[in-house]
Structure formats: structure tokens, C-alpha cells
Amino acid sequence: MSDSHAKTDFSPWYRSAAHEFESQKFGMWLFLVQEVMLFGGLFVGFIVYNYLYPEMFREAHHMLDKRMGAINTVFLLISSLTMVLGVAYTQRNEIKKAMVNLFLTFCLAGAFMVVKYFEYSHKFHDGLLPGKYFTNTELHAPNSYLFFTLYFMMTGLHGIHVLGGMICLLWLMLRMWRGDFSDKNFGAVEFVGLYWHLVDLIWIFLFPLLYLVV
Amino acid sequence: MANTNHNKHEHSHHIVPLKHYWLTIFALLILTIVTVGASYINFGSSAYNWAVSMAIACTKASLVLMIFMGLKWDDNLNRISIACTVAALATFVWLAASDLWVRTEEKPVAIKKAAAAVSMDEVKKFEADASAARIAHGKELFLQTCATCHGAEGNGDGAAGAALNPKPRNFHAASAEWKNGTSKRSIYVTLAEGIKGSGMASYTSLSIEDRWALVHFIRSMNSNPQDSGKADAHYAEVLEKVDGVGPNAVAKESIPIDLAIDLMVGDKK
């Protein structure tokens, strides 16, 4: 089987370009595994407090806009598609299509952040803030701030990851513009893609937990 | 590490036909609609609603992992890595949840005041009681606790004491040779505190009553025990600080072992 998709040169401590590629991919997976544990800790915290204060969580979560959450979910899901298409087209050496898809991914990520911006401003306006900054008077339970501490921590951390992803996408687009990528060299695109899918994965769980479940 | 996988790793990177991606995004969007719709339905209880919601989320996650992230076509460690991570996270969730489920409201543990410390009067009685019965009891304790170093006859020639320096006291020796003297109170102090710089330890594990019995027995071994000794002045302080007896007694912080056992057994109810 011809190794037509391998890079033609690779670092000498690897047996082959394929070996290098697989090692780099594994490295990215290890990073993703760590990210899962990072968010996992927050999820466990959410589960614990939700279990302890079900009524408070129920009342507080109504302050979140389901529609905005759903729109953001759709944005991220489609961005995952455009991301994987960006990888797929690079693998097929169709660089223009790849570029378009990377750009779409970037825009959808931006759209996600815009929606987040509106959500957050609305919360700030209503005094629905984390911890000691909570000033809202509508919610009855005295520990309602807990929900918003978790909300801002989880969506905030996720938002930072989205921004990080956008920066990586810019970097990819720049390199692609410079002609760095081809069907012989697409590792970076694929690995950023893996990261981006993880960001999407996390939101797949955040959305029902925070916005939907009662 | 991957010598057995050597050949597998090095075939060409698999190119996934695009149709997989179209099908997947379609499924993901449908499932999103489903999960939003399901959030309006009450499946019976909060637990069931959660279960449905998480089942849908896990299905979506599997699609992203397998198709978009390519695990379906990956044949190496990546699958194992993510599977182990999910298992680890599931374990944390399970442990947190199972702890919460069995929590009941906290019951304050009523610790009755620990068995009252021995009173001053009782101590005086122990001090005065040098009857044969007490001495016999003291001898019993001596053979159990002291004879290994001091010898069965109290000659200071016990096997365990052979390597000690200074050597264990020969209780038949003249009073002047005893570190603290041969008075009742001095011997009591020695038993309570031990002797610094020697192998003589403090025996507070023995009760006040037992230690007094030992005092009487030890004195009975000596032909000329004195009425006063070098550690007499220290006696009151020892009673207060070490044994918690007397007007300025320091309350002991530990509770008796049998009370502790009762409490622990009771906890299991």
C-alpha cells in the first residue's frame, strides 16, 4: 500500500512519517483526555449541588434562555462539521474548499461568542452573578448564587476554550494561505480539528445540564 | 511500545468518505431537536428526566467521537485513552453520587463526659492500702510488666535489661542507690513519668490503682524502704498533670477506650 499521504520528510527519531503522525495525534488525544477531566470536575460539582438543592436549581435555571442555548448548540455542531470538512478537503488536496470551511468554522465560533455576549450582558443586568456579586432579588432561595457560580465557571471556561480554538483556526488559515498544507501535510489541521470537536463535545453536555434538565 | 502495531500504524491514513459527515450532522441536529423537545416532557421523576437527557447527550457525544473525531477508523491507543477517561469520570460521578444518596441528616454524637477521673480521696486510699491483697496484685502486675527488665526477683537482672545503660534498678539495693528514692510517692512518680536518660518508661497505661499496687509490691522487696524520697515534691504535680486528679487537674483529652468502642459500634446503627 503506497504511503501517499505521508509527509515526505519527518523528524529523524520516528520510524516513518506515519509513525510521526500517529504519535502527534496521540499527543493531542492525551491533551483532550486532560481537558475532559478538567471539565469533569466542574460537572461533578454541578451534579452534587443540583442533587442537594433541586428546587433552587430548578428556579434558577429558568433564568437561562433555552433558545439562545439551542442556537449555540446548533452553531457548534455545524462548526464541527465545517471543521472536519476542512480536514477532509486538506487530505484531498482541495485547499480552497478547506480554507472556506476553516473560515466558516471560525465564523460559527464567533457567532457562538456573540450569543454568549448577549446572554452574559443580560445576566449582569439582572444581577445574576457568581458568588458574592449576586444581587438578584427575583429568585427566592438564599443560595441561588450557587447556580450562577457554576454557570459562569462552566460556560466561562468553555468560552475561553472557544476563543483559544478561534486563535488556532486563525493560525491554521494563515498557514494554509501560505501554502503549508496539502494532502502530504495536514497533521496540524487534523489535530486542531480534534481539539475543536472536544469543545463541541463539552457543550453537548453543558447545554442540557444547564439549560434543559429540570 | 507499539512494535506489534508497527505495521498497522504505518499504512496510509484513512480518508473518510464525506457521506459519513453529512449523515452525522443530520443525526446530531435531529438529536438536538429531540433533546429540547424531551425537556418539556416529564418522564415520571427528576431522575428519569436526567437519564433521558444524558442518554441523548451521550449518543450525540458518541457520534462526534466516532465519526467527526475519527475513532471509528483509528486502531490505536486513542480509543483506549478516551474510554479510560470516561470510565474515570464515571467513577468520580458514581462515588460522589453514592455518597450523597446514603447521607442522612447528621446526628450529633453525644459523648457523655468520660468516666469521671479518680477522686483525690480514692487516690489517698490506694496510697494507704498496702494490704497483702494489694501487694499480691502488684506482684502479678510486676511479673507481667516489669520483670523482663528488672528480673523476676527484682534484682535488676532481667534479660531485656542486659543491654541497658544505666542498668535497671535492683530493688533490693539500698535506698541511696535508687534514682528517686524508696518512698511511696517517689516510686509512684517514677512509674508515672519514667526516668529521663534511662530505659525506664512512663507507665500511664496502667491505672492509678494498679500503679499504687505496684508501688506497694516494689517496696515490699526492699529491706529498708524510706518514708521520704527525692521525687516526693513532684507528686502533686504528677497527679494533676499526668493523672488528672486534684484541684488544678488538667482534663484528659482522650476518652476511655471502651467508651470509644461503644460509640463506634453505636454509629453503625
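This report walks through a predicted model, from the helices of chain B to the cores and the largest pocket.

**Chain B overall**

Chain B is built from 10 helices and has zero strands. Its pattern along the sequence reads α-α-α-α-α-α-α-α-α-α. The chain has 269 residues, and 36% of them are buried. Take the contacts in chain B between residues at least 6 apart in sequence: 58% of these join residues at least 24 apart.

**One helix with two faces**

Helix 5 of chain B runs over residues 120-128. Its buried residues are B:Val123, B:Phe126 and B:Glu127. They sit on the same side of the helix, because they cover an arc of only 100° around the axis. There is a general rule behind such patterns. An α-helix has 3.6 residues a turn, so residues three or four places apart point the same way.

What do the buried residues of helix 5 of chain B pack against? Their partners are helix 7 (184-193), helix 8 (208-221) and helix 9 (235-241) of chain B. The face turned away from the buried side carries the exposed residues B:Asp121, B:Lys125 and B:Ala128.

**Nonpolar cores**

In soluble globular proteins, nonpolar side chains tend to be buried together. Two cores in this model are set out below.

| Core | Residues in it | Some members |
|---|---|---|
| Largest nonpolar core | 88 residues | A:Phe46, A:Phe147, A:Phe148, A:Tyr151, B:Tyr21 |
| Another core, apart from the largest | 27 residues | B:Leu141, B:Tyr188, B:Leu191, B:Met221 |

The five residues named for the largest core are those with the most contacts inside it. Helix 6 of chain A (residues 187-212) gives the most to this core, with 19 residues.

Look at A:Phe147. Leaving aside neighbours within four places in sequence, A:Phe147 is in contact with A:Phe46, A:Met56, A:Phe57, A:Ala60, A:His61, A:Leu64 and A:Leu210.

**The largest pocket**

How much space lies in the largest pocket? The volume is about 1,200 Å³. The lining of this pocket has 39 residues. Nearest its centre lie A:Ile47, A:Phe205, A:Leu209, B:Met54 and B:Val93.

Several helices give two or more residues to the lining. From chain A these are helix 1 (17-52), helix 2 (54-61) and helix 6. From chain B they are helix 3 (46-68) and helix 4 (77-102).

**Cysteines**

How many disulfides are there over all chains? The count is zero. A:Cys168 is partly exposed, with a relative accessible area of 29%. B:Cys58 is also partly exposed, at 40%.

Note on methods
Residues numbered from 1 in each chain as written. Chains lettered and ligands numbered in written order. Predicted model: local features only at pLDDT ≥ 70, side-chain atom pairs only at ≥ 80, totals over all residues. Heavy atoms only, no water. Disulfide = S-S within 2.5 Å. Buried < 20%, exposed > 50% of the residue type's maximum accessible area, 1.4 Å probe, protein only. Core = buried A, V, L, I, M, F, W, Y, C linked by side-chain atoms within 4.5 Å. Helix = DSSP H or I, 4+ residues; strand = E, 2+ residues; numbered from the N terminus. Contact = heavy atoms within 4.5 Å. Arc of directions from axis to C-beta. 1 Å grid on protein atoms, 1.4 Å probe; cavity = no way out; pocket = protein on both sides within 12 Å on 5 of 7 lines; lining within 4 Å. Points joined across faces, edges and corners; volume = space filled by probe spheres on them.
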